[in-house]
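Work through these short exercises with the model open beside you. Each task is followed by its solution.

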Amino acid sequence: QKLEEFYQDRLASQVSMTQNLARLSPSASFLFAATGLAGTGPFLSRQFVAARERYQKAYQEQQSSMFRTLYQSGRAQFANGRMEVKDRDWFKPDELPRFAMVAESLGDSLSLALFDVLLLAVANVVFFLLAFVFFLRYDVT
């Protein structure tokens with residue numbers, strides 16, 4: 001688990017660094033703004049990993065509690081290295097935890113995309129001013 005946390009931290013820092021380097025290009029800023037507004041991209045990946053971890057923890061807790069209840073109630077026995085259940089209707093699929101991902105709100109999507117939209121606006125103004133200055137300096141005669 002510590003190795004997985006270390007890996008996820010290093011991966012997140014590497015993704016952040018590459019995104020910041022890629023933002024030098026206006027097309028990358030547009031891509032990040034579009035994926036931020038659409039609710040996809042690296043943020044969705046982090047949400048999925050967090051949801052997966054919550055589900056695994058809830059599933060393991062449910063499984064251990066279910067087997068403990070079966071064994072303590074006497075409806076199950078361990079024989080020959082495996083568990084034998086006397087009651088055929090012991091398993092209830094409705095009691096299993098459900099996998100659920102929480103979608104980000106519109107405000108969160110806008111806040112993620114705001115920096116890239118501002119970068120696009122600044123790049124637009126700077127490139128327009130540069131083109132205008134070069135146009136004024138061009139000698140027509």
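**Exercise 1.** How far apart are the mean positions of the positive and negative charges of the chain?

*Solution.* First, the ground rules. This is a predicted model, where local features need pLDDT of at least 70, side-chain atom pairs count only at pLDDT 80 or more, and totals for chains, interfaces and linings use all residues. Residues are numbered from 1 along each chain as its sequence is written, and side-chain values use heavy atoms, with hydrogens and water left out.
Next, pick the charges: Lys and Arg are positive, Asp and Glu negative, with His and the chain ends not counted. Place them at NZ of Lys, CZ of Arg, CG of Asp or CD of Glu. The chain has 15 positive and 14 negative charges. Their mean positions lie 6 Å apart.

**Exercise 2.** Set the radius of gyration of the chain against that of a compact globule.

*Solution.* Use C-alpha atoms; the globule rule is 2.2 Å times the number of residues to the power 0.38. For 141 residues the rule gives a value near 14 Å. The chain has 27 Å. Now take the box along the principal axes: the C-alpha atoms fill roughly 100 × 30 × 20 Å. Last, burial (under 20% relative accessible area, 1.4 Å probe, protein chains only). Of the 141 residues, 14% are buried.

**Exercise 3.** Describe how strand 1 and strand 2 pair.

*Solution.* Locate strand 1 at residues 76–79 and strand 2 at residues 82–85. Strands are DSSP runs of E, at least two residues long; pairing needs at least two bridges. Here there are four, in the antiparallel sense. A76 faces V85 in strand 2. Two residues separate the strands of this hairpin, and N80 takes a positive phi near 55°.

Key
Buried < 20%, exposed > 50% of the residue type's maximum accessible area, 1.4 Å probe, protein only.
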